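Here is a set of exercises to work through with the model open beside you. Each task comes with a solution that goes step by step.

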Amino acid sequence: MQSFIAALLNSLDIAMLLFVIAVGLNIIFGVLNVINFAHGGLYMLGAYFTYMLVGRLGLPFWPALLLAPLAVAAVAVVLERLVLRRVYDRHVTDSLLLTFALLLIIDESVRMIWGSGIHVVRPPDLLRGNVSFLGVNYPVYSLFVILMGAAMLLALWALFTRTRLGRIVRAAAIDRDMAQTVGINVPLVITGVFAFGAWMAAVGGVIAAPMRAIDPGMGDKIIIESFIVVVIGGLGSFPGTLLGALVLGFIHGFGGRYLPEINLVLPYIGMALVLLWRPQGLMGRGAAA
Amino acid sequence: MSEPILSVKDLRKSFGGVRAVDGVSLDVQPRETVALIGPNGAGKTTFYNMISGRMKPTAGSVRFQDQDITGLPPHTISRLGISRSFQINNVFTELSARQNVEVALTALHRKHFSMFRPASRNRAIQEEADAVLERLGLRHLSDTRAGVLSYGDKRLLEIAIVLATRPSLVLLDEPTAGMTPEETRHVTQLIKSLAASGDYTFLITEHDMHVVFDLADRILVMHRGRRLAEGTPEEIKADPEVRQAYLGEEEVA
Amino acid sequence: MPALLVVLLAALAALPYFAPYFYIFVATEILIMGLFAASFNLIFGYTGMLSFGHAAFFGMGAYACALLLLHFEVSLLTAILGAMLASTLLAAAIGFLSVRLGEVYFAMLTLAFGMMVYAVAHQWRSLTNGSDGITGFRLTEFGLGLDLQLFNPAVYYHVVLVVVVLASLVLYLITRSSFGLMLRAISENPERVAFCGVNERRHRLVAFIIAGLFAGLAGALFAPFNRVASPDMVHWTQSAEPVLMTILGGAGYFLGPFFGAAMFVLLETWITSFTEHWMLLLGIALALLVMFFRRGVLGTLLDKVTGR
């Protein structure tokens, strides 16, 4: 029973981290119709910026949580304006190719600047240690991750359903031309959404920094996981992303504990099963291709 | 009256809460030309999309030559003998005009998995493609890349692709949209002669009322997803409801 | 053009008789990578499917070839055929799951499943020897009763040349066939093809499997050349290489990928001699090509000639 509860709690913090990252990917897809392959790279930049601010400059964790994602969002604005913008009027393939190229560039830049080794960031004092919960020792930091994820979930839901800004973005997602004709500055919305998605990825990177090893392979790992999340949940579906993140979180939490010898391929098996059963994802929009 | 070739019963399609097509029925007799008219947003294209397999109906059924084809995929429906054109130009711009027709013929003759013989060596298909182009007056453009054809020629090529699949039922979605008066006359004459040949049944949507009244044996008027009226061109012209809802907006001859 | 090709092939055949050893190695690599990229071009350039996981089949071919040589000491020809079969089966499985939805899904799923193969190559140590990869396999004979000194780089180069030329001929025939015409039509407008009565998804799947088969062949040639089959051959960065080669040479042009592979391998050889961050340049090159030079070198040249 205790091992079950431990696995459950483990699953939840993984799931919430995955949700924060994958939902950024999904929001960008909603408006740009493009999967941002560089999303994992932006997440990684968030973690490395945290390492620079906390590990090197000696700043506390909290300002880093504010500053690192903003810096990554600024990088994203430059990338969108200078690179992606040029190919929107072409076939979607070209946008995919460009974000893939950005993935290569960010990955290797990180390797060049910070080397191939592993870096660590210590969690803030407030979040160290363990708490006892239903007889299970649970890291305070994991609780923090779950709360952060839940807070982001609520904030996003409020943003997209309750605010004018959210309605503008949704209008641009549904029909770009129509949004343009009713006076929405669509190019600005696109830049903003891309930067916002990058900001979400970087927030994930900052949160992940104290709990995971910071190395140049972390971006690859997370982008694959995010893909699995959105495929399971359904590309373009907001609740689907949450569901997908929970499913993958459980696969990790329980798979790592009960099926350790094949835990690396379990997520793919889960994804393949969903593709066979419901290709558009558990909560995907019909047969939209 | 003979058995209808196409029999649509109570077809419905909802998007979210919006009912784009709301319970439309239609029987089409063999060798008949039926026009489907209605203002923009009346649900004509959605209706087409459900018959041709592009969309699955929310409810209702479509029967073709006594076979239930409701919700079948487009390639199956096409093979059964229903072929459609599109409102916007939908030709293969990177291929030559002849190759455009070849795509349909290759499918028709089940050669689409032939891998080790150059397509250009298949004389029979090449000649048949040229014959189809000849019929539409495009023969001289066989080797021209479709992307550089004029707008009207692209629309003709689209019809050539449709005919090449040897359909018994042809769905044309605004065949003369954007054409010059000259081109419109040409296409109208063409459809008339095809209909007269007795090989085809036509279902046509069209905005140009001259064309509609010129071609149609029967007209179905749609309005806000529902059937508003159905009858011969004369009956439709005289129908006060139709005049008010639709024809009043346009000049009627 | 045919005359030019004959001259080029004659020069390639004669290469070992005048070029130093180093260039024999470079030429062998160019031929293998050219075939790898050409197989990618069948799905990308001709069918319009952007795969970011093509290395899965290259790597599968390399692993299968190395394992067959190591454990069963079969002839090279048998190992190559076995490798092609393995890659074909893998491509059928991955393709079946990946071609069902649109191109955004396709790009995403091929990358993900490619990394699944990478994870297996890494984790299944008893079979794959983990990150060290499979080494120590020996080339005994070619097969068909031919007495070839395969360990001689010049001889191996000739074997590669013959196999690559034959495979390319088959690929070329496919692109010119009725099936190839359907692929080109699908790349532009899959829906219109479906309305012509063709199951376009099945065509995309078959194209994907053929591409996997030839990528597997390239991988099978690469393992004995490289003397190792290792996980980095399956990594997504390896999948980036045929993408760049194809776009560099010219997507949708049959010889484009071979041109691209030649430029790529020569540049890589030169640049890695003074920096280890070759991948950074690869990424920048890919971005610039997509933005400003989408038709590639060969494509641009041919456009000039045909006045397009």
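Two residues are in contact if their C-beta atoms, placed from the backbone, lie within 7 Å. Keep in mind throughout that this is a predicted model.

**Exercise 1. The meeting of chains C and A**

Task: Find how many residues of chain C are in contact with chain A, and work out which helix of chain C gives the most to that side.

Solution:
- Start with the count: 32 residues of chain C are in contact with 34 residues of chain A.
- Next, look for the elements behind the chain C side. At least two residues each come from α5 (103–123), α11 (236–249) and α13 (278–292) of chain C.
- Rank them: α5(C) gives the most, with 14 residues.
- Finally, sort this side of chain C by class, which yields 26 nonpolar, 4 polar and 2 charged residues.

**Exercise 2. The meeting of chains B and C**

Task: Now do the same for the side of chain B that touches chain C; which elements give two or more residues to it?

Solution:
- Here 30 residues of chain B are in contact with 21 residues of chain C.
- The elements to pick out are α2 (74–80) and α3 (97–108) of chain B.
- Of the chain B side, the largest share is that of α3(B), with 7 residues.
- By class, this side of chain B divides into 13 nonpolar, 11 polar and 6 charged residues.

**Exercise 3. Two domains in chain B**

Task: Trace the domains of chain B and say how many residues of domain 1 are in contact with domain 2.

Solution:
- Colour the chain by its domain assignment: domain 1 takes 1–81 + 172–200 + 209–253, and domain 2 takes 90–166.
- Place the C-alpha centres of the two domains of chain B; they lie 26 Å apart.
- Count the contacts: 7 residues of domain 1 of chain B meet 6 residues of domain 2 of chain B.
- On the domain 1 side, those residues comprise 3 nonpolar, 3 polar and 1 charged.

**Exercise 4. Into the nonpolar core**

Task: In the largest nonpolar core, find which residues touch the most other members, then follow A160(B) to its contacts.

Solution:
- The core holds 282 residues, and those touching the most other members are A202(A), A160(B), C65(C), A112(C) and A220(C).
- Helix α1 (residues 2–32) of chain A provides the largest share of this core, 17 residues.
- In chain B, domain 1 and domain 2 each contribute at least three residues to this core.
- Turn to A160(B) and leave aside its neighbours within four places in sequence: its contacts are V101(B), V132(B), L133(B), L136(B) and L138(B).

**Exercise 5. The overall form of chain A**

Task: Describe how chain A is built, and check its radius of gyration against that of a compact globule.

Solution:
- List the elements: chain A has 11 helices and 2 strands. From the N terminus on, they run α-α-α-α-β-β-α-α-α-α-α-α-α.
- Take the box along the principal axes; the C-alpha atoms fill roughly 60 × 50 × 35 Å.
- Compare with the globule: 289 residues would give a radius of gyration near 19 Å, and chain A has 19 Å, so the two agree.
- Check burial: 48% of the 289 residues in chain A are buried.
- Consider contacts in chain A between residues at least 6 apart in sequence: 75% of them join residues at least 24 apart.

**Exercise 6. One helix of chain A**

Task: Is helix α9 of chain A largely enclosed or open, and what follows it?

Solution:
- Helix α9 (residues 218–233) of chain A has 16 residues, and its first and last C-alpha atoms are 22 Å apart, close to the 22 Å expected at 1.5 Å a residue.
- Because 15 of its 16 residues are buried, α9(A) is largely enclosed by the rest of the structure.
- After α9(A) comes G234(A), with a positive phi near 115°.

**Exercise 7. Two residues of chain C**

Task: Decide whether S168(C) is buried or partly exposed, and do likewise for N129(C).

Solution:
- The cut-off for a buried residue is 20 or more other C-beta atoms within 10 Å.
- S168(C), in helix α7 of chain C, has 20 such neighbours and therefore counts as buried. Beyond its neighbours within four places in sequence, S168(C) is in contact with L35(C) and A38(C).
- N129(C) sits in the loop between α6 (125–128) and α7 (153–176) of chain C. It has 19 C-beta neighbours inside 10 Å, so N129(C) counts as partly exposed.

Technical notes
Residues are numbered from 1 along each chain as its sequence is written. Chains are lettered from A and ligands numbered from 1 in the order in which they are written. This is a predicted model: local features need pLDDT of at least 70, side-chain atom pairs count only at pLDDT 80 or more; totals for chains, interfaces and linings use all residues. Domain bounds come from an automatic or database domain assignment. Ala, Val, Leu, Ile, Met, Phe, Trp, Tyr, Cys and Pro count as nonpolar, Asp, Glu, Lys and Arg as charged, and the others, Gly among them, as polar. Helices (H or I, at least four residues) and strands (E, at least two) are DSSP runs, numbered from the N terminus. The expected span of a helix is 1.5 Å times one less than its number of residues. A residue is buried if 20 or more other C-beta atoms lie within 10 Å of its own, exposed if 12 or fewer, and partly exposed in between; C-beta atoms are placed from the backbone. A nonpolar core is a set of buried Ala, Val, Leu, Ile, Met, Phe, Trp, Tyr and Cys residues joined through C-beta atoms within 7 Å. The radius of gyration is taken over C-alpha atoms; the globule rule is 2.2 Å times the number of residues to the power 0.38.
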